[in-house]
Amino acid sequence: MTDPYALTRAAVRRAFDRYETALVDNDIPVLDELFWDDARTIRFGATEELFGYDQIRAFRAARPSAGLDRSLDRVDITPLGPDHAVANATFRREGVAAVGRQSQVWVRFAGEWQVVAAHVSSRPI
């Protein structure tokens, strides 16, 4: 049986990997580019609730750039159609006794994949 969404899965994985590299490198222009520029975009972080692209952008510009390195344990991309997908990942940071968890809803707008909702949390191990 052929996977009808294999191309979507691969495209979102490329966008996810680009986001991951930008996150660890604190490449703010790329991070901003990969989030939908809309007041309805949401990002829930470990300590913050950000509503709208402007709040997300301001948070990224103000956050410290140290301690962003992490290693991914698992990434699952679930296409919901040709233009929508959910990415879920678990990750670890050196010296932190917790498993990080990240979920993102990706939508393709005019051929470009962007995050419309994201949630980051962790649990102690």
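User: Which residue of β6 does W106 stand opposite?
Analyst: This is a predicted model, in which local features need pLDDT of at least 70, side-chain atom pairs count only at pLDDT 80 or more, and totals for chains, interfaces and linings use all residues. Residues are numbered from 1 along each chain as its sequence is written, and side-chain values use heavy atoms, with hydrogens and water left out. Strands β5 and β6 run antiparallel (two strands pair if DSSP finds at least two bridges between them). Across this pair, the residue of β6 that faces W106 is V115.

User: How many bridges join β5 to β6?
Analyst: A hairpin is formed by these two strands, with 2 residues between them. β5 and β6 are antiparallel, and the number of bridges that join them is 12.

User: Which residue in the turn between β5 and β6 has a positive phi?
Analyst: Most residues other than glycine have a negative phi. In the hairpin of β5 and β6, one turn residue has a positive phi of about 50°. The residue, which is not glycine and sits in the loop between the two strands, is A110.

User: Is A110 buried or exposed?
Analyst: A residue is buried under 20% relative accessible area, exposed over 50% and partly exposed in between (1.4 Å probe, protein chains only). The relative accessibility of A110 is 84%, so A110 counts as exposed.

User: Which residue of β5 does A85 stand opposite?
Analyst: β4 and β5 are antiparallel partners, joined by 8 bridges. W106, which faces V115 in β6, also has a place in this pairing, opposite A85. The residue of β5 asked for is thus W106.

User: In the hairpin of β4 and β5, which residue takes a positive phi?
Analyst: There are 5 residues between the strands β4 and β5. The positive phi in this hairpin is near 80°, and the residue that takes it is G95.

User: What residue in β4 stands opposite D76?
Analyst: Strand β3 covers residues 71–81 and β4 covers residues 84–92; 9 bridges join them in an antiparallel pair. The hairpin from β3 to β4 passes through 2 residues. Opposite D76, the residue in β4 is N88.

User: What pattern does the chain follow along the sequence?
Analyst: Helices (H or I, at least four residues) and strands (E, at least two) are DSSP runs, numbered from the N terminus. By this count the chain has 3 helices and 6 strands. Read along the sequence, their order is α-α-β-β-α-β-β-β-β.

User: Where does N26 lie?
Analyst: N26 is a residue other than glycine with a positive phi, near 55°. N26 belongs to no helix here, but to the loop between α1 and α2 (28–34).

User: Does N26 count as buried or exposed, and why?
Analyst: The relative accessibility of N26 is 19%. Because of this value, N26 counts as buried.

User: What percentage of the 125 residues of the chain count as buried?
Analyst: N26 is one residue that counts as buried. Over the 125 residues of the chain, the buried share is 40%.

User: Of the contacts with a separation of 6 or more, what share joins residues 24 or more positions apart?
Analyst: A contact means heavy atoms within 4.5 Å. Among contacts in the chain with a separation of 6 or more, residues 24 or more positions apart account for 44%.

User: What box do the C-alpha atoms of the chain fill?
Analyst: The box is taken along the principal axes. Its dimensions are roughly 45 × 35 × 20 Å.
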